There are 2 protein chains.
Amino acid sequence: MKIIEKVAEMNEASCENRKKGLKISLVPTMGYLHDGHISLVKIARANSDIVVLSNFVNPTQFGPNEDYNRYPRDIARDNKICKESGVDIVFAPSVNEMYSKDESIWVYEDKLSKVLCGKSRPNHFRGVCTVVSKLFNIIQPDIAVFGMKDYQQLRIIERMVENLKYPISILRGPIVREKDGLAMSSRNKYLNCEERKNATTIFSSLEDAKNKILNGEKNLEKLKYDIELRISQSGGKIDYIEFMDAENLTPMTNLTAPFALLIAIAAFYGNTRLIDNLIVRL
Amino acid sequence: MKIIEKVAEMNEASCENRKKGLKISLVPTMGYLHDGHISLVKIARANSDIVVLSNFVNPTQFGPNEDYNRYPRDIARDNKICKESGVDIVFAPSVNEMYSKDESIWVYEDKLSKVLCGKSRPNHFRGVCTVVSKLFNIIQPDIAVFGMKDYQQLRIIERMVENLKYPISILRGPIVREKDGLAMSSRNKYLNCEERKNATTIFSSLEDAKNKILNGEKNLEKLKYDIELRISQSGGKIDYIEFMDAENLTPMTNLTAPFALLIAIAAFYGNTRLIDNLIVRL
């Protein structure tokens, strides 16, 4: 496994691999890898010849009062996991390698990014689109794999690829969960013992809503209220609970089949903001 | 010479050429080709194996009251010129091929685009950056050639390539002029006989300013006033006359060597807005 820190070297490696006719996949991460990331590597591994995992905590997608500085990092452990999971190249650039002092170009999305996390995290998705553009241009992958936990991010990147005509296939990685249902996230590390236990309510309330819908419940206000109640009672502070069209991220007002309904939640347990979601198809 | 109208076909052709190890160059144009464009093709031809010329009048870089609809088009004539000039592939997509109905991703620049043409044409450079990103992603060139008449556009694209890490070399094409000095432009066609004659004042006043500077004139206010006077007396209506650092497009306040000074002018003759510029190095 190769570890590359320089943009020019990474681009050269990709050019060489492309010339050989090898199919390149990219798994973009901010490191502190867990089983969710590993599942993305497996999908990449199964669908390409060369798996590149980028490990870069991207400053421009954090707000001024967010956790950029304390975001967990452990690159030695990450590299070990990558090697064991079948990654061919880890791309781990410095901030100065990715951003120059004359930085003035941004890639942004102006529809899908206005709701859900985009509402409470202004400029977050501008940072995401910009850094993913950079990664695409440097690494020139045929495939990129994104996890469905960050579903809004996934939809925005899919839109970016389509609009900007990147010749890249986006593959979706299903959410990977702890045994008790909590969606895996590097930020779970912030939770204390009790918060960690209570946070499972996010997923159980999602599942509960799904079951009610499949059993015929059509009242979205009632479903939303039930989730709100359960999360509040478990000590969570709700940022949003939304029922949306999974394609366009527009609010879903009634449930007439066929639909793909996204139920998305962001909630704080202590100071830690967690997100989770679930798609119901009917 | 191949003429390609579809994004997928263009991307495939480039992939094939890249696999063969051929060097691809791109000359992005809005068509209605003149000797200025041909000079860019020659530079591309000399520096690559496959010359792609894109011919696309990009709607998103025109303002609501600008000349998108009446912008001159003559694709048959353009294709003939391309063939004679040694273009290998003309990429001439429709608007629907380049923009989908779900368009929500934009690439923009937020420093260099705030001055000069960016001031009087809001969103112009956002349209330029977005369409050039698309062209880069579809055509995957090793080289792209941009003319220096649109100097601000050139600097913004150079910045975009650097910031977004496109593995593309930008080559600069010197301004090509009519015998009497008028910079070649597809928009010159709009000028009536008298406007056409008077518009030569733009370049002669640029040259005059340059000569005065090389002869020791340091008073930028005076130089600006002289240009203003000459253009007004020739019937031109000034949009801007600016003296700027040619690198960062920041206002130049005094002339201490070494410098690369950009003198940039936009002026209307009749309803036609013309731009021109000149770089003075000391």
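Let me start with helix H6 of chain B, residues 124–139, which lies across strand E2 (24–29), E3 and E4 of chain B and runs at about 150 degrees to E2(B). I should say at once that this is a predicted model, and everything that follows should be heard with that in mind.

Helix H3 of chain B, residues 75–85, lies across E1, strand E3 (50–55) and E4 of chain B, and its direction is at about 165 degrees to E3(B). The strands beneath this discussion belong to an open sheet of six in chain B, ordered E1-E4-E3-E2-E6-E7, with parallel pairing. Its edges are strand E1 (2–4) and strand E7 (169–173) of chain B, each of which pairs on one side only, and neighbouring strands are turned by 25 degrees against each other on average, if direction is ignored. At the E1 edge, three bridges join E1(B) to strand E4 (residues 89–91) of chain B, and Ile3(B) has Val90(B) as its bridge partner in E4(B).

Turning to the domains, chain A is divided into domain 1 (2–173) and domain 2 (186–277), whose C-alpha centres lie 26 Å apart. In the contact between them, 13 residues of domain 1 of chain A meet 12 residues of domain 2 of chain A; on the domain 1 side, the elements giving two or more residues are helix H5 (116–120) and helix H7 (151–163) of chain A, and by class that side has eight nonpolar, three polar and two charged residues.

Finally, the two copies: a rotation of 180 degrees, with 0.0 Å of shift along its axis, superposes chain B on chain A with an RMSD of 0.0 Å, and the copies are thus related as by a two-fold rotation axis. Within chain B, the residue closest to that axis is Val107(B), at 2.2 Å by C-alpha. Since 100% of the interface residues of chain B are also interface residues in chain A, the copies meet through the same surface.

Terms used
Residues numbered from 1 in each chain as written. Chains lettered and ligands numbered in written order. Predicted model: local features only at pLDDT ≥ 70, side-chain atom pairs only at ≥ 80, totals over all residues. Least-squares fit on C-alpha atoms with pLDDT ≥ 70 in both. Contact = placed C-beta atoms within 7 Å. Domains from an automatic or database assignment. Helix = DSSP H or I, 4+ residues; strand = E, 2+ residues; numbered from the N terminus. Nonpolar A, V, L, I, M, F, W, Y, C, P; charged D, E, K, R; others polar. Pairing = 2+ DSSP bridges. Axes fitted to C-alpha atoms, helices over the stretch in contact; angles between N-to-C directions.
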